[in-house]
There are 2 protein chains.
Amino acid sequence: MILTVTLNTALDITYRVGALRPHTSHRVSDVTERPGGKGVNVARVLAALGHETTVTGFAGGATGRTVRERLAGVPGVRDALLAVSGPTRRTIAVVDELTGDTTQLNEPGPQITPAEWGAFLGHYEELLSGAAAVALCGSLPPGVPVGAYAGLIKSARSTGVPVLLDTSGEPLRRGVAARPDLVKPNAAELAELTGSHDPLRATQDARRRGARTVVASLGPQGLLARTPQGHWRAAPPTQEHGNPTGAGDSAAAGLLSGLVEQLPWPDCLTRAVALSAATVRSPTAGDFDRAAYEKLLAQVSVTAA
Amino acid sequence: MILTVTLNTALDITYRVGALRPHTSHRVSDVTERPGGKGVNVARVLAALGHETTVTGFAGGATGRTVRERLAGVPGVRDALLAVSGPTRRTIAVVDELTGDTTQLNEPGPQITPAEWGAFLGHYEELLSGAAAVALCGSLPPGVPVGAYAGLIKSARSTGVPVLLDTSGEPLRRGVAARPDLVKPNAAELAELTGSHDPLRATQDARRRGARTVVASLGPQGLLARTPQGHWRAAPPTQEHGNPTGAGDSAAAGLLSGLVEQLPWPDCLTRAVALSAATVRSPTAGDFDRAAYEKLLAQVSVTAA
């Protein structure tokens with residue numbers, strides 16, 4: 001089983017409108033809802049790849065209830081979310097029908113009490129004992145200590161469970177210092193962590209700060225990996241046009257599944273890039289186009305960097 | 001008991017953001033939720049004025065559950081909503097913290113099946129038998145026939161229950177033809193109904209189309225009333241600055257409560273204008289400032305028009 005941790009789960013809502021004009025009223029023509037938060041997205045892709053996956057983190061209130069009802073309908077994903085008193089946040093993506101551009105509104109998330117955080121730590125330890133790997137994903141809700149991921153990484157390491165960290169800002173900085181097996185920052189997150197806008201230099205610096213392997217996402221250009229076994233660049237055959245929502249989470253799922261299957265790094269990277277591009281190509285945000293994925297596997301180029 | 005009908009109830013969500021910029025991502029700093037839809041707002045104000053009020057219409061899904069949970073906490077308001085299979089819509093008001101301007105996103109509402117609409121008609125007849133007056137408010141959800149209000153007005157008239165209609169477009173046009181006791185359009189709705197932008201002429205025309213009394217809302221300038229007893233203009237002492245959300249619903253509650261208490265028209269109009277201005281002045285959208293309301297009662301001017 002692969003465990004994904006989403007401390008700030010979400011009910012992801014997508015609205016389609018003619019065109020978003022500030023300070024006017026809009027009739028939404030189409031509404032879709034799905035359980036979200038980076039770790040939930042990663043779990044969905046892992047399950048689609050055939051990996052038994054368990055989702056943990058927090059869920060509360062009416063929105064939390066909806067997230068759990070929807071999760072129950074996803075084959076291969078087990079719900080091990082912990083109930084909390086505060087309501088799970090919503091995120092609203094407002095898509096302009098004309099341009100396809102998206103405006104995002106993200107609620108901050110529930111206030112987690114010290115007792116709830118304490119309960120989570122025990123729950124996490126139990127889940128770790130059955131996990132082949134763990135992914136720690138996304139932002140922290142209010143009340144969760146900024147060093148939370150560092151603690152969760154230490155627990156995973158002491159249990160011998162490989163751990164992927166995908167977050168940003170101070171939680172990433174502190175998490176990296178706790179020596180995770182893999183971090184997957186995008187270019188902006190990596191620059192914020194290291195102060196360098198040169199991806200080669202920045203990935204090297206992130207490793208020096210504690211990450212065993214760094215796989216930087218360079219958006220449509222693919223991935224740049226710096227691992228103990230070597231350095232690679234992996235790129236899709238063409239730059240994909242479409243909705244990049246969830247592409248990073250698909251890449252994380254690709255890397256983590258490859259790690260668990262003990263694939264060589266070039267194969268892990270190929271899978272991650274193919275999944276990511278197939279996600280951009282899918283009409284539904286965060287889903288991947290399976291036929292495109294299988295085709296892309298043969299088309300991704302991996303070169304020494 | 002006063003009955004308010006809200007066929008398209010809503011979970012009204014308010015987000016505060018620094019400034020809304022299309023095609024970027026926003027962190028929402030504050031989230032508030034309350035049960036909404038025009039008839040629900042009218043009921044809340046009626047209850048605050050001491051009138052026992054019953055709310056009916058439709059509620060469904062997780063959002064409907066939240067609406068009903070919240071309604072249970074409003075003293076003086078009884079929940080007689082009918083459960084339906086589709087989910088109650090959300091409305092999102094995004095408030096720019098800097099300017100105070102609001103951007104509105106309104107979901108369309110649940111699809112009402114013919115069986116659900118039929119069940120509602122029976123439910124409504126039962127509720128009418130105990131009602132001193134009824135308010136029919138707001139838009140129609142998908143599936144409800146466009147002549148719905150006309151039918152509900154005929155039922156009320158045949159039971160001898162006075163009826164206020166507050167809607168727009170074709171449902172207003174058809175409703176007016178069914179001879180309601182009172183319609184409360186704003187200037188835009190009145191112009192759309194009658195084709196005239198002259199409020200005096202338009203209110204006269206609306207009466208000719210079937211409404212016994214027409215009270216047009218002229219925004220910050222107050223109300224213009226054309227009744228069988230005379231014609232009046234009612235204006236607040238100053239033009240209020242603030243959030244106009246819910247001001248029209250407060251005016252409707254003022255008129256309806258006055259009708260039930262058999263107040264003379266000038267007193268009804270005074271109450272409606274004072275409530276409306278006190279709603280604009282309140283920091284919370286759709287609530288009225290009671291101290292301001294009581295002060296304004298002595299300051300509203302009513303003149304023959």
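This passage walks through one corner of chain B, a set of paired strands and the helix beside them in the numbering, as seen in a predicted model.

Strand β14 of chain B, residues 223-227, makes a handy starting point. Of its 5 residues, 4 are buried, so the rest of the structure largely encloses this strand. Strand β13(B), residues 213-217, runs antiparallel to β14(B), and 4 bridges hold the pairing. Within it, B:A216 has B:L224 as its bridge partner. The two strands make up a hairpin with 5 residues between them, and in that turn B:G219 shows a positive phi of about 65 degrees.

β14(B) also pairs with strand β15(B), residues 230-235, again in the antiparallel sense, this time over 5 bridges. Here B:L224 turns up once more, with B:R233 as its bridge partner in β15(B). B:L224 is thus bridged to B:A216 and to B:R233. The link from β14(B) to β15(B) is a hairpin through 2 residues. As for side chains, those of a regular strand alternate between the two faces of the sheet.

Then there is helix α7 of chain B, residues 199-208. Its buried residues include B:P199, B:A202, B:T203 and B:A206. Looking down the axis of α7(B), the buried residues sit within an arc of 100 degrees, so they line one face of the helix. Among the elements covering them are the chain B strands β13 and β14, along with β12 (182-183) and the helices α5 (169-177) and α6 (187-194). Just past the end of α7(B) comes B:G210, with a positive phi of about 140 degrees.

Conventions: Residues numbered from 1 in each chain as written. Chains lettered and ligands numbered in written order. Predicted model: local features only at pLDDT ≥ 70, side-chain atom pairs only at ≥ 80, totals over all residues. Buried ≥ 20, exposed ≤ 12 C-beta atoms within 10 Å, placed from the backbone. Pairing = 2+ DSSP bridges. Arc of directions from axis to C-beta. Contact = placed C-beta atoms within 7 Å.
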